[in-house]
Each structure stands twice: as structure tokens, then as C-alpha cells.
Amino acid sequence: MAGSHNVSNSIFNRKSNVSVVSGMWRTISAVAAPIAPTLNDPSYREKLAEEYGFTQIGEPVPPNVMLKNVIDSFPLEVFEIDNVKAWRTVVISVVSYVAGLFMISKAPWYLLPLAWAWTGTAITGFFVIGHDCAHKSFSNNKLIEDIVGTLAFLPLIYPYDPWRVKHDRHHAKTNMLVEDTAWHPVVKEDNFRPSKQNRVKISLACVFAFMAIGWPLIIYKTGIVGWVKFWLMPWLGYHFWMSTFTMVHHTAPHIPFKDVKNWNSAQAQLGGTVHCDYPRWIEVLCHDISVHIPHHISQKIPSHNLRLANESLRKNWGQYLNEARWNWRLMKTIMTDCHVYDEEKNYVPFDEGQKESKVLGILRRVMPNTP
């Protein structure tokens, strides 16, 4: 009996299709449920990269990896502020913006869209300069950073200090549900502490002063049509790029937002941020803001050192990086699929489980699917 007992135990431990009921043997059928593939599977990641328009989808960042581990892997020179390189970005932005205004003034009507595209991209460089100032990575003189940051944001009608406070929260809470201010509003109670309110008021006053003085001067010299040509259309171009950069940097079907209990800083900053390559002229005018993963690892890295830092990441943490080259399939995935948070799928489209939205239906049919 001992032998049969051991045999029967081994049978049951192997979850065989034989069982005993009321002292009698009977055969039952068992169907193994398919195991859903995960991002730990290289072939699955490769399949998703092709489907979503990525060049690489990184494997999940292990929970024992700390953000400090990644920061400590950078060479020290990536944190060094080079005043010549910093002010060179200012020269590039000012010259390219002035050149854009000149093109707008001389271009026939049918070439105006090209001139607007150039000028809108050039003025995006002003944002990147102010962005560096806000992160204290433009100059070792903090007063200069505040002045340059405020001036750089004026043509964009952006109050520098309120944006800086909100943007700091985005970095602290990247891809955290509700708390990430890149996509969610700051709750009233956490808006601006009393110690920051005077700086916020100064920033707002500067923006309103620019509008009150700059806009009437433009209209006086060029008329309403000139205001549209020389300011509004480039400004809309700037917002196109800021919306595109922000979406691409943090939005993909496989990148989750997590609640505060399950959030991990290394997973969010290293594995939840996307590096995307754009045509080189865009990267030059926008001062490499698209080299975004190292910026999320440490905001102290100046924009002129982002490429060096990114090479370090590829060398030491390359298997975890999400990388893409801008393409229509990538944008189509984001614009038609990544809408509503879903705990299991990360994102579902607005019309999930409903009749197809007319707007989304048009986008799905019209937008190219070329990688």
C-alpha cells in the first residue's frame, strides 16, 4: 500500500488528468490556460516595438534598481555647466528666430507655412533655455538664470516661476496617477506655497507686461495680419512641438501610470520615459530636448551634455531604454489608442467598447501607418 500511496501522490503532485471520486477512478480533461506574454520576453518586446513604431522597447526595470544607482553611473562631466555652450544655445535660438521672422517678412503666401514651421521650431529653443534655467543647469549664477529664464519665456506667454513649480512636481511624480502635472492639474491645496507667491506674481507681471506692450507694438507696426503672421503662427508652432515632445516622452501603450503605493522612481524615470530621434535640424533648434531620458534621471544635467549622458545610459542601462525614431506609426498609436487609463492595459481609446468615434475613425483611416 505504501508503494501505491507514493505513486498516487506523485500523480496528484503532477496535476495529472486522473482523479479519484468515491473510491473510483475517473478520467477528466484539463486545458492549460495560455500564459500571456510579458515585457520580460524579448520576442514579445520586439513585436510590440514593431507594432507601436519603436526601435526598442526596454525590459522592465527591476524593483531593486534605485534612481541613485543610475545617477551614480554617469561620468561627472555630464553635470558640468559650460558657460560657452550654454550661451551658444541662446545665440542659436536668437539668430534662428530672427532669421525666421525675416523669412516670414519676405516669403510669398505659399511659402509662409514653411517659414512659420521654422520660426515655431526656433522659438521652441527659447523654452528649452528657460527649462535649463528652471533646473539650475544653465549657469552657476542663479540670478542670471532667473533673468534669462523669465526673458526666454516672455515671447511664449509663459510665466516662468509658476511653470517651474509645476514642472518640478512633474519630475518628482513622473507617471504617477493624478500627481504627474504633465497631464493632471495641480490640486488647489498644493499650488503655490506662500514663500513662492511673490516670485509667481513677478513672473505673471512680466508676461502681462509683454502682452500689454509687445502686442500693441506689433499691431501698430504691422497690423492685425502682421500680429498673426509674426507672432501667433510661430507661437502655435511652438505649442505643436511642446505637445508632440511631451506626448512622445511619456506616452506609450506599454508604459504604465501607477498609483503612489506602487510607484517606483527608477522604473518611472528610466523605464517610463522615451528617447525619440527627430530630424537633426529640429534637434539643433530645440537644443536636444528630445534626448529626454537622462534629463529625467537627473535634472542637473545641462542640455548641452544630454547626448553624453545618453551614451552613458546606453552603455550601462541600455536594456531598459525605450527608444524610437519619430514616425507616423508612433504618432498614430499615441493619438488613436492612448487615451483613458486602464489598470490592466495601461491605456484604452475613448471609444473602447463603444461605437467607433467619428474623429478617431478618421484618424485611424487617414494617418499613415509607416514606421
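In the predicted model, the backbone nitrogen of Leu-330 lies 2.8 Å from a polar atom of the Asn-327 side chain. A second backbone group is also placed beside this side chain: the backbone oxygen of Arg-325 is 2.6 Å from one of its polar atoms. Asn-327 itself belongs to the loop that runs between β4 (322–325) and α13 (328–337). With a relative accessibility of 6%, Asn-327 falls under the 20% limit and therefore counts as buried. Leaving aside residues up to four places away in sequence, Asn-327 touches Gly-53, Thr-370 and Pro-371.

Aromatic rings form 22 pairs in the model. One of these joins Phe-127 and Tyr-238, whose ring centres are 6.2 Å apart; the planes meet at 45°, so the pair is classed as tilted. The two residues come from distant parts of the chain, Phe-127 from helix α5 (residues 112–134) and Tyr-238 from helix α8 (residues 194–250), with a separation of 111 residues. Both partners are shielded from the probe: Phe-127 has a relative accessibility of 5% and is counted as buried, while Tyr-238, at 0%, is buried as well.

Helix α8 also supplies a partner to another ring pair, in which Phe-245 is set against Tyr-278 in an edge-to-face arrangement, with 5.2 Å between centres and 90° between planes. Tyr-278 is located in the loop between β3 (274–277) and α10 (280–285), whereas Phe-245 is in helix α8, so this pair ties together parts of the chain 33 residues apart in sequence. Phe-245 and Tyr-278 are both buried.

The Phe-127 and Tyr-238 rings are also members of a cluster. Ring pairs connect these two residues with Phe-153, Tyr-158, Tyr-160 and Trp-163.

With respect to cysteine, the structure contains 0 disulfides. A disulfide would require two cysteine sulfur atoms within 2.5 Å of each other. Such a link is a covalent bond between the sulfur atoms of two cysteines. Cys-276 has a relative accessibility of 0% and is therefore assigned to the buried class. Cys-338 has a relative accessible area of 10%, which is under the 20% limit, so Cys-338 is buried too.

Note on methods
Residues numbered from 1 in each chain as written. Predicted model: local features only at pLDDT ≥ 70, side-chain atom pairs only at ≥ 80, totals over all residues. Heavy atoms only, no water. Buried < 20%, exposed > 50% of the residue type's maximum accessible area, 1.4 Å probe, protein only. Phe/Tyr/Trp six-rings, centres within 6.5 Å; stacked < 30°, edge-to-face > 60°. Helix = DSSP H or I, 4+ residues; strand = E, 2+ residues; numbered from the N terminus. Polar contact = N/O pair within 3.5 Å; in protein donor to acceptor, adjacent residues only side chain to side chain. Contact = heavy atoms within 4.5 Å.
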